[in-house]
Amino acid sequence: MVQAVRELDRYSKSEIEECSELLKYIYVNNDECFVRVLNKTTGKNKVYPTSSLKDPMKLRQVINSFGREDILFSLNPFRTMDRATRSNLFCINAIPVDVDYKNIKELKELEPHQVIKLLEMDFFERKIPTPNFVEYGNQIRLIYSVETCYIPKFRDNVVTLARRISEVFSQELKEYGAEKQNLESYFRIPGSINTKNGAEIKVFSYDDSVRYTLNELQELWLDELPKWYKKRKGRVKAPKKVVKLHNVYSLNCNRLMDFEKIQSHLNSIGVTELRSRLCFLYRNYILIKLKYQNGELKAEDYEFAKEEMLKFNNNFNEPLRGHIIESATRVVNYRQYLYKNETLIDFLELDYELCERLGLQSIYKTKTQEEWNKDYYKRNSENRKEAEKKKYQEKLRADGKVSKKQEIEKRRKKIKALLEQDFKRKDICSQLDISIKTYKRDISFLKEQGLI
């Protein structure tokens, strides 16, 4: 009986091969670093070099010694064997996002493969990129493989960026119960058993997905992130900065609309210097939009981008010659360029005030410290003047006096009343002790207002 149970716990040759291929793909780097293997049921916890787990023979010994129930592997390797903490992470090879859809009332009765199909239809390549792997059994875990990104010992900007990516993706999938995951978290290997519901773990891979880089995920799905600052005496507060988040579709749509707004502005001021640059960018981002919307570009996509660019060119006050600008921008058919926000700012010679005035959605420039200081002093100067004016008026009231404006209004009312009593100009000036010039100015005001 004991022998039969042991045989059930052992992994078959095909299962070992599947696990080995998965680990080779995730632990892509060949550096000396370590992975933790944990059995949640028994509490067994051991550390192995990544090279050992990539060897099918050694992997067989490791996972058979842990059994099938609740066996987990750390997703990213550690620098030493001491501890499985964030500070001990060696590099980032993958970013996880847990989709705990059973916490959502409307979804809890669905099977994992049904939820995966919903994610494919509504979210992948629309709101978040397609993951490289989907681990499912009781719930679902999305795994994004990235090019190995080494973590400097005394800087956490790389880790912060990766965690931010996980946070943004999980926020997009919030309605499915998604949660961001720590980079030092674990994943389950295929063929193991989740004791929460007795389900066998399966790992589905997307053959058409690519191994991402952190910069690509940042540029395409997060657009811009704040600059990272060293921690000195606690967290240093970042300066005020606008951070706009986009998915790929909205980012490219907004970029195209921004180019049209810039074109309208240039037409209104009669500037023609930036026409070829805008045509190049317009054709480039039409292709990028189609690529991330439909997949691999086809001949009709290139033709469509060309026609749209020519229409865009014709909207200039002084369009460029069609065959010339078509030839000059044709390079985007061979390679599309994903420009950073700062690059577009420099390329199109934009400044902060113009971006704000035109209402650009995907191209923006933050204020410099000098501009922040200027606005601060201007705002405070206006507030100070208003406070001084209020203080002066309160002082006049306390002394039983009136302001100059109130004094003039009072004098004009008296002039109006005396005129109604048929007083002559000479008598009014004598009684109110005013000059004829002042009298004439007040009479002119009263006539303009229709009071006399």
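## Two loops with an unusual backbone

D422 turns up in the loop between α15 (404–420) and α16 (425–432). This is a predicted model, and in it D422 has a positive phi of about 65°, even though D422 is not a glycine. What makes that worth pointing out? Most residues other than glycine have a negative phi. As for its surroundings, D422 counts as exposed, with 65% relative accessibility.

D70 is another non-glycine residue with a positive phi, here about 50°. Look for D70 in the loop between α4 (56–66) and β3. Is D70 buried or exposed? D70 is buried, because its relative accessible area is 5% and the cut-off for buried is under 20%.

## The chain as a whole

Zooming out, the secondary structure comes to 17 helices and 11 strands. The chain has 452 residues, and buried ones make up 44% of them.

Contacts across the sequence are worth a look too. Take the contacts between residues at least 6 apart in sequence: 70% of these join residues at least 24 apart.

## Aromatic pairs and a cluster

There are 14 aromatic pairs in the structure. One of them is F259 with Y285, a tilted pair with 5.8 Å from centre to centre and 55° between the planes. F259 sits in helix α8 (residues 248–269) and Y285 in helix α9 (residues 275–294), so this pair ties together parts that are 26 residues apart in sequence. F259 is buried, at a relative accessible area of 0%, and Y285 is buried as well, at 1%.

Y337 and Y339 make a stacked pair, with 5.9 Å between centres and 10° between planes. These two tyrosines also belong to an aromatic cluster, together with F280 and F347.

## Charges over rings

F347 has something else going on: the charged end of R277 sits over its ring, 5.2 Å from the centre. So the picture around F347 combines a place in the aromatic cluster with an arginine over its ring, a placement that counts because CZ of Arg has to be within 6 Å of the ring centre and within 35 degrees of the ring normal.

A lysine does a similar job elsewhere in the chain. K44 lies over the face of F66, 4.6 Å from the ring centre.

## The largest pocket

How big is the largest pocket? Its volume is about 690 Å³. The elements giving two or more residues to its lining are α7 (214–222) and α9. Helix α9 supplies the largest share, five residues. That is the helix that also carries Y285 of the tilted pair.

In total, 23 residues line the largest pocket, and E125, D208, V210, K291 and Y292 lie nearest its centre. Sorted by class, the lining has 10 nonpolar, six polar and seven charged residues.

## Helix α7

What about the surroundings of α7? Seven of its nine residues are buried, so α7 is largely enclosed by the rest of the structure. The buried ones are L214, L217, Q218, E219, L220, W221 and L222. Keep in mind that α7 also gives residues to the lining of the largest pocket.

## S145 and T80

S145 belongs to strand β6 (residues 140–150) and is buried, with a relative accessible area of 0%. Which residues does S145 touch, leaving aside neighbours within four places in sequence? S145 is in contact with Y25, N93, A94, N132, F133, V210, R211 and Y212. V210 is a name you have met already, as one of the residues nearest the centre of the largest pocket.

T80 is placed in the loop between β3 (71–74) and β4 (91–99). At 29% relative accessibility, T80 counts as partly exposed. Setting aside neighbours within four places in sequence, T80 is in contact with F34 and N88. T80 and F90 are 10 residues apart in sequence, and their C-alpha atoms are 8.1 Å apart in space.

Key:
Residues numbered from 1 in each chain as written. Predicted model: local features only at pLDDT ≥ 70, side-chain atom pairs only at ≥ 80, totals over all residues. Heavy atoms only, no water. Phe/Tyr/Trp six-rings, centres within 6.5 Å; stacked < 30°, edge-to-face > 60°. Helix = DSSP H or I, 4+ residues; strand = E, 2+ residues; numbered from the N terminus. Buried < 20%, exposed > 50% of the residue type's maximum accessible area, 1.4 Å probe, protein only. Contact = heavy atoms within 4.5 Å. 1 Å grid on protein atoms, 1.4 Å probe; cavity = no way out; pocket = protein on both sides within 12 Å on 5 of 7 lines; lining within 4 Å. Points joined across faces, edges and corners; volume = space filled by probe spheres on them. Nonpolar A, V, L, I, M, F, W, Y, C, P; charged D, E, K, R; others polar.
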